[in-house]
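I opened this notebook to record what I looked up around the ligands, the open and closed spaces and the backbone. The entries follow the order in which I went through them.

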Amino acid sequence: MKNFYLVENPLIKQDVTILRDKRTDPAGFRSALNRVSYSLAIEICKSFELDEFEVETPLEKTKGYKLSKQIVLVPVLRAGLSMVSSFLEMIPQAKVGHIGLQRDEKTLQPIDYYYKTPGNLGESVTILLDPMLATGGSAVASFNSLKQQGANKCVLACLISAPEGVEKMNAEHPEVPIYTAALDRQLNSNGYIMPGLGDAGDRTFGTF
Ligand code: PRP
Ligand code: URA
């Protein structure tokens, strides 16, 4: 798998277990997803470039740093919304776009219903936030739209990936790094990730 980063530590493993557990209620689910999102944000930030400048402390001048590029977070509605607050806390100057996609339950193809991103994607690092990379259809369609709007430095942050989705992303957007907290076994016949965690949107918002 190209450009694939499995982000693991004991806290992430514990939280992924909470997320998988069918007894976890929406409040517990959102809170575990927030914590894993912090870890993903920290890992992704390691690849960011910095500009140096001089900063004056109360005692003397010294070298300071700031991110070279504007960061744009783009959650895929609905489930991606639950990753935004953690990423924004880590990268407070980030701008936020939104992509609305709903997977058709029969064809598994993404149907788009909303798109709004900031204007300067060509100058930015664009991070797509979506907890689930299943068939990869939603992620591929999202990056198609983002690239049409000029995005040229993109990253995917997801919680759980299926091998099928990683392969599709590698085929369609090979330069986009995928950061994920778990790589699961396979998709089932309904396009759900196994063992997975079920429907991320429903479990986040209690719509079951
Ligand atoms: C889920 C998930 C991804 C998509 C992944 O969204 O949040 O966007 O499925 O599946 P794929 O890789 O096969 O495209 P869903 O369509 O269930 O919408 P929701 O978040 O509104 O529930
Ligand atoms: N979308 C989800 O929310 N869960 C899956 O397992 C697959 C797609």
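Before sorting residues by type, I fixed the classes: Ala, Val, Leu, Ile, Met, Phe, Trp, Tyr, Cys and Pro count as nonpolar, Asp, Glu, Lys and Arg as charged, and the others, Gly among them, as polar. I also note that this is a predicted model.

Entry: ligand 1

I sorted the shell around ligand 1 with these classes and got seven nonpolar, six polar and four charged residues. The shell holds 17 residues, and the closest are Arg-78, Arg-103, Asp-130, Thr-135 and Ser-138.

Which side chains put a polar atom 2.5 Å from an oxygen atom of ligand 1? I found Asp-130 at that distance, and an N or O atom in the side chain of Thr-135 is also 2.5 Å from a ligand 1 oxygen. From the backbone, I noted an N or O atom of Ala-79 at 3.2 Å from an oxygen atom of ligand 1. I then looked up the area: ligand 1 exposes 500 Å² when taken alone, and the protein buries 95% of that.

I next asked which elements give two or more residues to the shell around ligand 1. They are strand 4, strand 6, strand 9 and helix 4. Strand 6 has the largest share, with three residues.

Entry: ligand 2

I listed the residues around ligand 2 as Arg-103, Met-132, Ala-134, Gly-191, Tyr-192, Ile-193, Gly-198, Asp-199 and Ala-200. By class, I count five nonpolar, two polar and two charged residues in this shell. Arg-103 is on this list and is also among the closest residues to ligand 1.

Where the backbone meets ligand 2, I wrote down three pairs of atoms. A polar backbone atom of Ile-193 is 2.8 Å from an oxygen atom of ligand 2. A backbone N or O atom of Ala-200 lies 2.8 Å from an oxygen atom of ligand 2. For Gly-198, a polar backbone atom is 2.8 Å from a nitrogen atom of the ligand. On its own, ligand 2 has 230 Å² of accessible area, and the protein covers 88% of it.

Entry: the largest pocket

Which space does ligand 1 take up? I found that ligand 1 takes the largest pocket, and the space taken by ligand 2 is the largest pocket too. The volume of this pocket is about 690 Å³. I see 31 residues lining the pocket, and the closest to its centre are Gln-102, Arg-103, Met-132, Ser-138 and Asp-199.

I sorted the lining of the pocket into 15 nonpolar, nine polar and seven charged residues. At least two lining residues come from each of strand 4 (70–77), strand 6 (98–103), strand 9 (132–133), helix 4 (137–148), strand 10 (154–161) and helix 6 (200–205).

Entry: the cavity

I asked how many cavities of 30 Å³ or more a search of the whole structure finds. The search finds one. The volume of the largest cavity is about 60 Å³.

I listed its lining as Ser-47, Phe-48, Glu-49, Leu-67, Ser-68, Lys-69, Ile-71, Val-125 and Lys-153. These divide into four nonpolar, two polar and three charged residues.

Entry: the backbone

I kept one rule in mind here: most residues other than glycine have a negative phi, and most peptide bonds are trans. I then looked for exceptions.

Which residues does a cis peptide bond with omega near 0° join? I found one such bond from Leu-77 to Arg-78. Arg-78 is in the loop between strand 4 and helix 3 (84–90), and I had already listed Arg-78 among the closest residues to ligand 1.

I found another cis peptide bond between Met-194 and Pro-195, where omega is about 0°. Pro-195 is in the loop between strand 13 (193–194) and helix 6.

My last note is on Leu-108, which is not a glycine but has a positive phi of about 65°. I placed Leu-108 in the loop between strand 6 and strand 7 (110–116).

Definitions and conventions: Residues are numbered from 1 along each chain as its sequence is written. Chains are lettered from A and ligands numbered from 1 in the order in which they are written. This is a predicted model: local features need pLDDT of at least 70, side-chain atom pairs count only at pLDDT 80 or more; totals for chains, interfaces and linings use all residues. Side-chain values use heavy atoms; hydrogens and water are left out. A residue is near a molecule or strand if one of its heavy atoms lies within 4 Å of it. A polar contact is a pair of N or O atoms within 3.5 Å; within protein, one must be able to donate a hydrogen and the other to accept it, and residues adjacent in sequence count only if both atoms are side-chain atoms. Accessible areas come from the Shrake-Rupley method with a 1.4 Å probe; for residues, only the protein chains shown count as cover. On a 1 Å grid over the protein atoms alone, a cavity is a set of points where a 1.4 Å probe fits but cannot get out, and a pocket is an open set with protein on both sides within 12 Å along at least five of seven lines; lining residues have an atom within 4 Å of a point. A molecule sits in a cavity or pocket if more than half of its atoms lie within 2 Å of its grid points. Grid points are joined across faces, edges and corners, and a volume is the space filled by probe spheres set on the points. Helices (H or I, at least four residues) and strands (E, at least two) are DSSP runs, numbered from the N terminus.
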